[in-house]
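Here are some short exercises on charged side chains, each with a worked solution. Have a go before reading on!

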Amino acid sequence: LTDIETANTYVVRNKDGEQIYYVAEEINCCNLQCCGQYRPFEMRIFDNSKKEVIHISRPLRCDSCCCWCCCLQELTVEAPPGNRVGKVNMNWSLCWPSFSVTNDDDETIFNLRGPCITCSCGNDVEFDVYNMEDEKVGRIAKEWSGLLKEAFTDADNFAVTFPKGTDVKMKAVLLGAIFLIDLIYYGKREGSEDS
């Protein structure tokens, strides 16, 4: 109602709908109001005992048409906090969203590819996860939540299918990719709680 941005909060649930993590965005008011969806942030992910288990950092990146390829979005994932486990880097692409998911040695482990049109008009929007052999091995999807929720709230639901055999560190990095995708493509937030 006020059009004033507030920090995001999220709930991460397992496939049975049970809460496994609570996520809180930490950001200063100036960055939140002035930088919008391209703002720098820190995301703290807590388990159910309120212990921080994952920390996500995103630096400030502008969204300028004239220097877009120089301002690609990225974030770093630490699990536990202080122990860098990987990064998510946006790749330059003319019209298809593309990201590299790297480990702590900056080796690309997965690539994410999204659709040319990222709005969800009655359907899920899928970002496919590919291994280095270019085989589809998983997905991140922004799930269609129904007309009323999509039209009148800023809350979004995402689902992830992890590649088989993925270690817990890379699962944390793929979880970080969800937040980057959410803020880049669905980032018009006004204090919403996402799932």
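A salt bridge is a side-chain nitrogen of Lys or Arg within 4 Å of a carboxyl oxygen of Asp or Glu. This is a predicted model, in which local features need pLDDT of at least 70, side-chain atom pairs count only at pLDDT 80 or more, and totals for chains, interfaces and linings use all residues. Residues are numbered from 1 along each chain as its sequence is written, and side-chain values use heavy atoms, with hydrogens and water left out.

**Exercise 1.** Find the distance between lysine 142 and aspartate 156, then place both residues in the fold.

Solution. Step one: the two side chains form a salt bridge at 3.6 Å, N to O. Step two: lysine 142 belongs to strand 10 (residues 136-143), while aspartate 156 sits in the loop between helix 2 (147-152) and strand 11 (157-161), so the pair ties together parts 14 residues apart in sequence. Here helices (H or I, at least four residues) and strands (E, at least two) are DSSP runs, numbered from the N terminus.

**Exercise 2.** Are lysine 142 and aspartate 156 buried or exposed?

Solution. Buried means under 20% relative accessible area, exposed over 50%, partly exposed in between (1.4 Å probe, protein chains only). Lysine 142 has 2% relative accessibility and counts as buried; aspartate 156, with 6%, is buried too.

**Exercise 3.** Describe the salt bridge between glutamate 52 and arginine 44.

Solution. First, the closest N and O atoms of this pair are 3.0 Å apart. Next, glutamate 52 is buried at 17% relative accessibility, whereas arginine 44 is partly exposed at 26%.
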